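Student: I have a structure open and would like to talk through how its parts pack. Could you take me through it step by step?

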Amino acid sequence: MKNTLITACIVGLVASIAFILVQPLFGLATLTSRHAAAYINLGGYSDIAALLLSWFVHISVSIFYALLATGIFTINHSMIVSVAQVIILGWFTTLIATPANEWVVKLVTTQQFPDLSSLAALNTQIGPKLWLHILFFAFVLGGLFIIKRLRAAQESKS
């Protein structure tokens with residue numbers, strides 16, 4: 001269990017960084033820069049505090065998603081289940097991303113829980129955000145497959 005948790009955290013961290021690095025390739029400003037700008041403009045945060053907070057939020061969410069994906073992977077790591085979870089989790093996280101990001105920005109900048117009715121609608125568009133979320137989960141699953149192979153190679157040497 002401890003190894004699984006550590007693995008999920010490492011894979012989630014790496015995937016979160018990869019997500020931000022590839023985001024401009026999809027024609028999008030990075031999530032961390034958009035959040036940091038909102039924290040500065042709406043919440044009066046300093047540049048450094050806003051940037052650190054935006055990365056903290058992004059990495060935390062990414063690790064949560066990686067924990068979820070790792071749980072599924074641990075139960076069944078067949079190729080069909082892995083592809084299905086990349087597509088399903090990518091779609092679901094795209095669906096909730098816009099209102100979830102808005103919720104976080106409002107929470108951070110007002111320091112109050114925002115009314116759910118004040119948030120943007122679910123994102124049902126098929127486009128760059130969907131492909132980026134699918135790619136994020138592909139990064140996660142790719143990392144999990146690599147770690148699984150490395151552990152198997154170590155065990156065969158023992």
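Student: Which word describes how α1 and α5 lie to each other?

Tutor: Happy to help, and keep in mind that this is a predicted model. Helix α1 (residues 2-22) packs on helix α5 (residues 128-157) at about 140°, and their axes are 9 Å apart. Angles over 145 degrees would count as roughly antiparallel and 65 to 115 as roughly perpendicular. The pair fits neither range, so α1 and α5 are oblique.

Student: What is the handedness of the crossing of α1 and α5?

Tutor: Angle and distance describe the packing of two helices, and handedness can be added to that picture. For α1 and α5, the crossing is right-handed.

Student: How many nonpolar residues does the contact of α1 with α5 have?

Tutor: Let's look at who takes part. From α1 come N3, T7, V11, A15, S16, A18, F19 and V22, while α5 brings L132, H133, L135, F136, F139, V140, G143, L144, I147 and R151. Sorted by class, there are five polar residues and one charged residue, and the nonpolar ones number 12.

Student: What order of elements does the protein chain have from the N terminus on?

Tutor: The secondary structure comprises five helices and zero strands. Read from the N terminus, the order is therefore α-α-α-α-α.

Student: What percentage of the protein chain's residues count as buried?

Tutor: For scale, the C-alpha trace spans about 55 × 30 × 30 Å along its principal axes. A residue is buried when its relative accessible area is under 20%. Of the 158 residues in the protein chain, the buried share is 36%.

Terms used: Residues are numbered from 1 along each chain as its sequence is written. This is a predicted model: local features need pLDDT of at least 70, side-chain atom pairs count only at pLDDT 80 or more; totals for chains, interfaces and linings use all residues. Side-chain values use heavy atoms; hydrogens and water are left out. Axes are lines fitted to C-alpha atoms, for helices over the stretch in contact, and angles run from 0 to 180 degrees between N-to-C directions. Helices (H or I, at least four residues) and strands (E, at least two) are DSSP runs, numbered from the N terminus. Angles under 35 degrees count as roughly parallel, over 145 as roughly antiparallel, 65 to 115 as roughly perpendicular and the rest as oblique. A crossing is left-handed if the near helix is turned anticlockwise from the far one by less than a right angle, and right-handed if clockwise. Contact means heavy atoms within 4.5 Å. Ala, Val, Leu, Ile, Met, Phe, Trp, Tyr, Cys and Pro count as nonpolar, Asp, Glu, Lys and Arg as charged, and the others, Gly among them, as polar. Buried means under 20% relative accessible area, exposed over 50%, partly exposed in between (1.4 Å probe, protein chains only).
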